[in-house]
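Here are some short exercises for getting to know a new structure. Try each task yourself, then read the worked solution beneath it.

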Amino acid sequence: MKIFYSFINKLSLWGAYLSSLLLISLVLLILTEIFIRYFFDMSTMIADEYSGYLYLAAIFLGLAYTFNEDAHIRINILTSKMSQKSNRFIDVFAGLITIVILVFALYRTILFTYDSYDMQMVSEGVSETPLYLTQLVMPLGISLFILAVLAFVLKGLRNDI
């Protein structure tokens with residue numbers, strides 16, 4: 001089981017690394033756009049569009065790592081007054097509900113991405129980027145998130161939290 005936990009942690013860590021690189025790329029793209037506009041009175045014409053794509057990818061790829069680091073928002077007004085056993089039960093129950101919701105989100109994002117591919121949708125911007133390429137990160141990020149929550153639930157069931 002520790003191999004599974006380690007594998008999930010490494011996957012989420014790689015998602016976080018990739019997310020960090022995408023955020024750095026986002027900053028560089030915006031700085032490039034500012035520089036070109038200021039000094040040459042021109043535009044890259046894609047900065048707005050691609051900054052949105054990079055931001056979307058960074059968010060989705062960072063979800064699993066954020067969850068593993070306990071950095072998602074938690075409201076613990078009630079649970080702070082409960083016993084450790086009760087907290088573990090609530091965590092496992094909330095984790096199971098989260099998995100159900102995330103599986104639904106995964107299903108919908110897969111359909112969304114497939115529809116974009118099937119209908120050969122492209123962006124309305126100058127680049128005419130195929131939208132499915134930018135949307136693939138959503139099911140990927142949600143899949144990593146599901147695995148992280150699954151590992152959390154399994155740890156809770158084994159009393160390893």
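**Exercise 1. Find where Asp-41 is placed, and work out what is notable about its backbone.**

Step 1. In this predicted model, Asp-41 sits in the loop between α1 and α2. The turn of the backbone there comes just after α1, where Asp-41 has a positive phi of about 55 degrees.

Step 2. Compare that sign with the usual one: most residues other than glycine have a negative phi. Asp-41 is a residue other than glycine with a positive value.

Step 3. Now look at its surroundings. Asp-41 counts as exposed because its relative accessibility is 72%, and the cut-off for exposed is over 50%.

Step 4. Look along the loop between α1 and α2 for Met-45, which lies there too. Phi of Met-45 is also positive, near 70 degrees. With a relative accessible area of 53%, Met-45 is exposed.

**Exercise 2. Compare the reach of helix α1 with the expected span.**

Step 1. Helix α1 covers residues 2-40, which gives it 39 residues.

Step 2. From the first C-alpha of α1 to the last, the reach is 56 Å. The expected value at 1.5 Å a residue is 57 Å, so the two are close.

**Exercise 3. Which residues of α1 are buried, and what covers them?**

Step 1. The buried residues of α1 include Tyr-5, Ile-8, Ser-12, Gly-15, Leu-22 and Glu-33. Their cover includes α2 and α5 (137-157).

Step 2. Take Ser-12 as an example. Ser-12 belongs to helix α1 and counts as buried because its relative accessible area is 2%, with the limit being under 20%.

Step 3. Setting aside neighbours within four places in sequence, Ser-12 is in contact with Ala-64, Tyr-65 and Asn-68.

**Exercise 4. Find the salt bridge and describe its two partners.**

Step 1. The count comes to one salt bridge. Arg-37 and Glu-33 form it, and their closest N and O atoms are 2.6 Å apart.

Step 2. Both partners are in helix α1; they are separated by about one helical turn because they are four residues apart.

Step 3. Is each partner buried or partly exposed? Arg-37 is partly exposed at 47% relative accessibility, whereas Glu-33 is buried at 8%.

**Exercise 5. Locate the nonpolar patch on the surface.**

Step 1. Mark Leu-18, Leu-21, Ile-24, Val-27, Leu-28, Ile-30, Leu-31 and Ile-34. Together these patch residues have about 740 Å² of accessible area.

Step 2. Check one member. Leu-18 lies in helix α1 and is partly exposed, with a relative accessible area of 40%.

Step 3. For another partly exposed residue, turn to Ile-59, at 40% relative accessibility. Ile-59 is in helix α2 (residues 47-68). Ile-59 and Glu-69 are ten residues apart in sequence, and their C-alpha atoms are 15 Å apart.

**Exercise 6. Which elements build the largest nonpolar core?**

Step 1. The largest nonpolar core has 29 residues, and Leu-22, Phe-67, Leu-102, Ile-142, Phe-145 and Val-149 touch the most other members.

Step 2. Two or more residues of this core come from each of α1, α2, α3 (84-118) and α5. The most come from α5, which gives eleven.

Step 3. Follow the contacts of Leu-102. Not counting residues up to four places away in sequence, Leu-102 touches Ile-142, Phe-145, Ile-146 and Val-149.

Technical notes
Residues numbered from 1 in each chain as written. Predicted model: local features only at pLDDT ≥ 70, side-chain atom pairs only at ≥ 80, totals over all residues. Heavy atoms only, no water. Patch = residues over 30% accessible without salt bridge, like charges linked within 9 Å, V, L, I, M, F, W, Y side chains within 5 Å. Areas by Shrake-Rupley, 256 points an atom, 1.4 Å probe, with all protein chains shown as cover. Salt bridge = Lys/Arg side-chain N within 4 Å of Asp/Glu carboxyl O. Buried < 20%, exposed > 50% of the residue type's maximum accessible area, 1.4 Å probe, protein only. Contact = heavy atoms within 4.5 Å. Core = buried A, V, L, I, M, F, W, Y, C linked by side-chain atoms within 4.5 Å.
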